[in-house]
Amino acid sequence: MSLPVTITDAGYATFYAPVAVKVAAGVTACAVTIDGNWATLTAIEGGVIPANTGVVLAGAEKAYDFAITTAAAFEGENALRGTVAATNVTENAYVLANDAEGVGFYAAAMTNGAWLNNSHKAYLPKAQGMNAASYSFRFPGTTGIGEVKGEGGNVKAIYDLTGRKVETIAA
């Protein structure tokens, strides 16, 4: 048996299941922790997503099949939660989206005190102190851009690692 998973053209998707699954070839499953205004993605080792563990999936745009398997519970840090069935969630949260600022976690739009989380999708609950409008992705070991040099000294535009246009680079 397997569960179907689709990664969009943005190259990312969230996933959550009540059973452990093997990660399909070409896909990386990541736990998420919050560090300031960043959602730090850390790859889950072993090629298995444990049951009841929300993850961000990174891979090519494609439909994948994740084979159901058995595994121990996830022991690392992970801020993601999820739902098995489409569920109206009443807590404030961030959801994965490809918005004007690029791919990241953005505040879920509440309608009548709830928002809809689709089946087998993960979300980032809004914890105390989480007040950012969005959380961009950062991978462990990524420290940022230190210097930008344009050809002929003429820089027309600067973009950060998530593809957002920026005016200056903070030292």
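## Strands, pairings and a surface patch

Let's start with the sheet: four strands line up in the order E1-E8-E3-E6, forming an open sheet with antiparallel pairing. Strand E1 (2–7) and strand E6 (48–49) sit at the edges, and each has a single partner strand, so one side of each is left without a neighbour in the sheet. Keep in mind that this is a predicted model.

What holds strands of a sheet together in general? They pair through backbone hydrogen bonds, in a parallel or an antiparallel way.

Two antiparallel pairings are worth a look here, and the table puts them side by side.

| Strand pair | Residues | Bridges | A bridge partner pair |
|---|---|---|---|
| E3 and E8 | 20–22 and 62–69 | two bridges | alanine 20 and threonine 69 |
| E2 and E7 | 12–15 and 55–58 | four bridges | alanine 13 and leucine 57 |

Now for E2 itself. Are the faces of strand E2 covered or open? Both are covered: Tyr12 and Thr14 are buried on one side, while Ala13 and Phe15 are buried on the other. That fits a general pattern, since side chains in a regular strand alternate between the two faces of the sheet. Ala13 also turns up in the pairing above, where leucine 57 of E7 is its bridge partner.

Back to E8, and out to the surface. Isoleucine 68 belongs to strand E8, and this residue is partly exposed, with a relative accessible area of 33%. Which residues form a nonpolar patch on the surface? Ile68 does so with Met1 and Val19, and together they have about 310 Å² of accessible area.

Methods
Residues numbered from 1 in each chain as written. Predicted model: local features only at pLDDT ≥ 70, side-chain atom pairs only at ≥ 80, totals over all residues. Heavy atoms only, no water. Pairing = 2+ DSSP bridges. Buried < 20%, exposed > 50% of the residue type's maximum accessible area, 1.4 Å probe, protein only. Patch = residues over 30% accessible without salt bridge, like charges linked within 9 Å, V, L, I, M, F, W, Y side chains within 5 Å. Areas by Shrake-Rupley, 256 points an atom, 1.4 Å probe, with all protein chains shown as cover. Salt bridge = Lys/Arg side-chain N within 4 Å of Asp/Glu carboxyl O.
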